[in-house]
Amino acid sequence: MTKYLQGAAVAALSVAIAAPAVAEEWNVSVWGKRRAFTEHVEKLAELVSEKTDGEFTMNISYGGLSKNTENLDGISIGAFEMAQFCAGYHEDKNPTITVLELPFLGVRNLEEEVAVSHMIYDHPAVQEDLARWNAKLLMTSPMPQYNIVGTGDPRSTVEDFEGMRVRATGGLGEAFRAVGAVPTSVPSNEAYNAMDSNVVDTVAFAQHAHLSFRTIDQATWWTANLNPGTVNCPIVVNMDAYEGLSDEHREALDSSVDEAIEYYVDNYQNNVLKQWDQILEEKNVTKVEFSEEELQKFREATQGIADQWIEEKSAQGIPAQELYDMVKAKLAEMHGM
């Protein structure tokens, strides 16, 4: 009998060891509808499910769990396990990553945006900053630079921006103010009407937003290489949820990030940007290419915004100069300078 019990115990232990990992289900809070801006989240969920044979799944909610401006708060209390937000929603809650939203950093494409974002996310001070909200930075949501569509004659010099009425919000609006333009914070869904009614001359958006809100339909010109800045929108996970994953599930998540980002970038370039170029040609929209001399004038005119950011954040105990210098050095390296 004793041998039988011992054998049964060994058999039970063997079954326990061989048993599959406990099923894991995460809730993910994003907003709007499925679009280019969320394709990496969708791809991540797909990859994780595949790698774990359906044992680790993600329920992606478009606005059903939280407001976009409250996603970081939801992460902090464990209301859901993963979320997307943008740094500019609450600068006081994530001051370190707002370095990536400073104007005229010199980012030229999505690959560069990914590189500088993930470099900053890896910095100990940045991780400590987000840890205050029980949030672990997982990956960025790379947004193209917010270039301008406009009506009337193309504006191709700094001097041309004097008095120009532009739909631009936040730090980007301040950047345009620094070169003499008049920014206004018209809601994005009212930008078309603002152009139509001559409230603004120009609108600053990323390409997909110009398409979505139809501002391109009224444009006669487009700044192809001004690249004044963009928003930075991380994907974060609740730290407790992340640390509670099994080794297998954590590996499935971590190992899927690069592929999800690659999918996002490929989708944006091969679909959104390809469509954008076709529409520019169809509508005979003039591409304004600024000379390096003019771009330098923009940088010099807006440098005070970065200087003020460094001063303010340094006073808060943040290694602001170091973070800013890291971004500039990385971009110079990528530009072969």
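User: How should one read a patch of negative charge on the surface of this structure?

Analyst: In a charge patch, Asp and Glu count as negative, and like charges are joined within 9 Å. In this predicted model, such a patch on the surface brings together Glu50, Glu111, Asp258, Glu259, Glu262 and Asp266.

User: Which helix gives the most to the negative patch?

Analyst: Helix 11, which covers residues 257–282, supplies 4 residues to the negative patch, the most of any element. Glu262 is one of the residues found in helix 11.

User: How does one look for empty space, and how many cavities of 30 Å³ or more does a search of the whole structure find?

Analyst: A probe the size of a water molecule is rolled over the atoms, and this shows where empty space is left. Here the search finds 1 cavity of 30 Å³ or more. The largest cavity holds about 40 Å³ of space, and its lining includes Leu100, Leu102, Leu105, Glu113 and Gln145.

User: What is the volume of the largest pocket, and which residues lie nearest its centre?

Analyst: The volume of the largest pocket is about 1300 Å³. Its lining comprises 42 residues, and those nearest the centre are Cys86, Tyr89, Tyr146, Thr169 and Val231. Helix 6 (170–178), strand 8 (202–205), helix 8 (207–212) and helix 12 (292–315) each give two or more residues to this lining.

User: Which helix provides the largest share of that lining?

Analyst: Helix 12 provides the largest share, with 5 residues.

Technical notes: Residues numbered from 1 in each chain as written. Predicted model: local features only at pLDDT ≥ 70, side-chain atom pairs only at ≥ 80, totals over all residues. Heavy atoms only, no water. Patch = residues over 30% accessible without salt bridge, like charges linked within 9 Å, V, L, I, M, F, W, Y side chains within 5 Å. Areas by Shrake-Rupley, 256 points an atom, 1.4 Å probe, with all protein chains shown as cover. Salt bridge = Lys/Arg side-chain N within 4 Å of Asp/Glu carboxyl O. Charge placed at Lys NZ, Arg CZ, Asp CG, Glu CD. 1 Å grid on protein atoms, 1.4 Å probe; cavity = no way out; pocket = protein on both sides within 12 Å on 5 of 7 lines; lining within 4 Å. Points joined across faces, edges and corners; volume = space filled by probe spheres on them.
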